[in-house]
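Colleague: I'm new to this structure and would love a close look at one part of it. Could you take me through a strand hairpin and then show me how its surroundings fit in?

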Amino acid sequence: HFEVGFHLRTLCRLFANSPKKWTLTLKHSIMKTYFITLSPLDAYFFGGDITFDSGEKKNYFVRSEVFPQQTSILGMLRYQILVKRNLLSPIPNSKDLINAKKKVGGESFTAGSDMPQSFGYIESISPIFLYHKSDKKPYFIAPLDTFISENKDYKIFPRKSRASFFTLKNETVNPLYELLGTSGDDETPYSSKYELRKGFVSTDQSFSLEADLFINDERVGIIKEGTLRSNKDEGYYRQVYKRMKDTDLCFAFYVRLKDGHGITSEEVFLGAERSMFYLNIDEHTSPNTPIEDVFETLLKANFKDDSIPEYHKVILLSPARVDLETMSKHLVAGIYEQVTHRFIQTNLGKTTKWVIFKKGKSTDEAALTKSERQHLLSTGSVLFVKKSNLNALLETLNNPGFKKIGYNYYHVL
């Protein structure tokens, strides 16, 4: 058997002139789409940009994010592939490194590049979302185009006006539009004093608050790991974990994997606190269908088309890296918030110990670094654009490097 690395015609000449009989098998990569669910086995903790050690002073209070970062999902998949291939020996040799790079790529996600990286057997990942295993219903973060005033929900839309429109960051987008909210026969201009409605939408367009689906699990400690006993005052901490109220609720995502990846249904760890989940993997009913097409089918059932005839409404389904100045040139209006992300980065060529990256180890030994802080638009952000400007706006959102691992996904209404 040969993996063909040179011209097929040359091979044919070689075999034709040989007295021996040869069998030639042309190997090709078969990518399939899989559906993965992650069911928490206990309370979980997903860290964000604010950690105990972030900032000039030590933080004593941290709160778990609801969702893991897409980079955490990527890291978990890479780890599982290496485990299944027996490529996590305590001290890797050169052969291990070559095989590992082939299976999962040579380094973790790098935010500095907009072009797609190679992650070996992992071709692409969808944004993560919530999924109810019994009802088979997905839950997505609700669009931010609704505000609450006097216990009424006002759906926000733009309208031409002499008043200037300002985004939530007070940056002028277009001086001819303002944001209005409508609730039945009522109509009122949007003001920053109004609270945006935040939660989740499902297939029947039903809305759920975070408190309807999650419980906070607060834990108080005296001595944090790594704190010197001579300075106990810095050791006090409060940490808020998350629990899902319904045991049938879980996280879910789609992934394109090469045949032979080896990932199976089993318990896995995820997040900085190594929270435990049960990973279930199933081949999609249409395994050759790209993730974008599979995802779009879900979205049509979850997001009601309530766009205004003269505009398109673009909803972000995951955090998105964009150039705000360029994006704003194409907008009529935007309802968005910014979030900050930092990613843990590793490089297989510099890693000397693979089994566990222990706390307290030097950066050189563990090959762990943090990326620069990334400012992304939050999931649920809503962008209004004239129909004639839609393609120009989408160009600012189409970031192949980020989209490969589940960032920069959007839905157009």
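Modeller: Let's start with a cross-strand pair: Leu-130 stands opposite Tyr-139 in β5. Please keep in mind that this is a predicted model. Leu-130 belongs to strand β4, which covers residues 129-132. The pairing of β4 with β5 is antiparallel and runs over 3 bridges.

Which way do the side chains of β4 point? Phe-129 and Tyr-131 point one way, Leu-130 and His-132 point the other way, and all of these are buried.

β4 also pairs with strand β15, residues 249-258, again in the antiparallel sense, here over 4 bridges. In that pairing, Phe-129 has Ala-252 of β15 as its bridge partner. As background, strands of a sheet pair through backbone hydrogen bonds, either parallel or antiparallel.

Now follow the chain from β4 round to β5. The hairpin has 4 residues between the strands, and Lys-136 is found in this loop. The phi of Lys-136 is near 55°, a positive value in a residue other than glycine. That is worth a second look because most residues other than glycine have a negative phi. Is Lys-136 buried or exposed? With a relative accessible area of 60%, Lys-136 passes the 50% cut-off, so it counts as exposed.

A second loop residue makes a good companion to this one. Asn-151 is found between β6 (146-149) and β7 (152-160). Asn-151, too, has a positive phi, near 65°, and is a residue other than glycine. Its relative accessibility is 79%, so Asn-151 counts as exposed.

The two strands beside Asn-151 lead us to another sheet. β6 and β7 are part of an open sheet of 5 strands with antiparallel pairing, in the order β9-β8-β7-β6-β10. At the edges are β9 (186-189) and β10 (195-196), each of which pairs on one side only. Within this sheet, β7 and β8 (residues 177-183) pair in the antiparallel sense over 6 bridges. One position to find there is Lys-160, which stands opposite Tyr-177 in β8.

Let's come back to β5, the partner of β4, and look at a pocket. The second largest pocket has a volume of about 1,100 Å³. Of the 38 residues that line this pocket, the closest to its centre are Glu-65, Val-66, Phe-67, Ile-141 and Val-339. The elements that give two or more residues to the lining are β2 (61-63), β5 (137-141) and β20 (338-341). β20 gives the most, with 4 residues. What kinds of residue make up the lining? The lining divides into 19 nonpolar, 12 polar and 7 charged residues. So as you trace β5 in the viewer, you meet a strand that pairs with β4 and also gives residues to the lining of this pocket.

Finally, here is the setting for all these details. The protein has 9 helices and 25 strands. Of its 413 residues, 46% count as buried. Among contacts with a separation of 6 or more, residues 24 or more positions apart account for 73%. The accessible surface of the protein comes to about 22,200 Å², and 49% of that belongs to carbon and sulfur atoms.

Terms used:
Residues are numbered from 1 along each chain as its sequence is written. This is a predicted model: local features need pLDDT of at least 70, side-chain atom pairs count only at pLDDT 80 or more; totals for chains, interfaces and linings use all residues. Side-chain values use heavy atoms; hydrogens and water are left out. On a 1 Å grid over the protein atoms alone, a cavity is a set of points where a 1.4 Å probe fits but cannot get out, and a pocket is an open set with protein on both sides within 12 Å along at least five of seven lines; lining residues have an atom within 4 Å of a point. Grid points are joined across faces, edges and corners, and a volume is the space filled by probe spheres set on the points. Ala, Val, Leu, Ile, Met, Phe, Trp, Tyr, Cys and Pro count as nonpolar, Asp, Glu, Lys and Arg as charged, and the others, Gly among them, as polar. Buried means under 20% relative accessible area, exposed over 50%, partly exposed in between (1.4 Å probe, protein chains only). Two strands pair if DSSP finds at least two bridges between them. Contact means heavy atoms within 4.5 Å. Accessible areas come from the Shrake-Rupley method with a 1.4 Å probe; for residues, only the protein chains shown count as cover.
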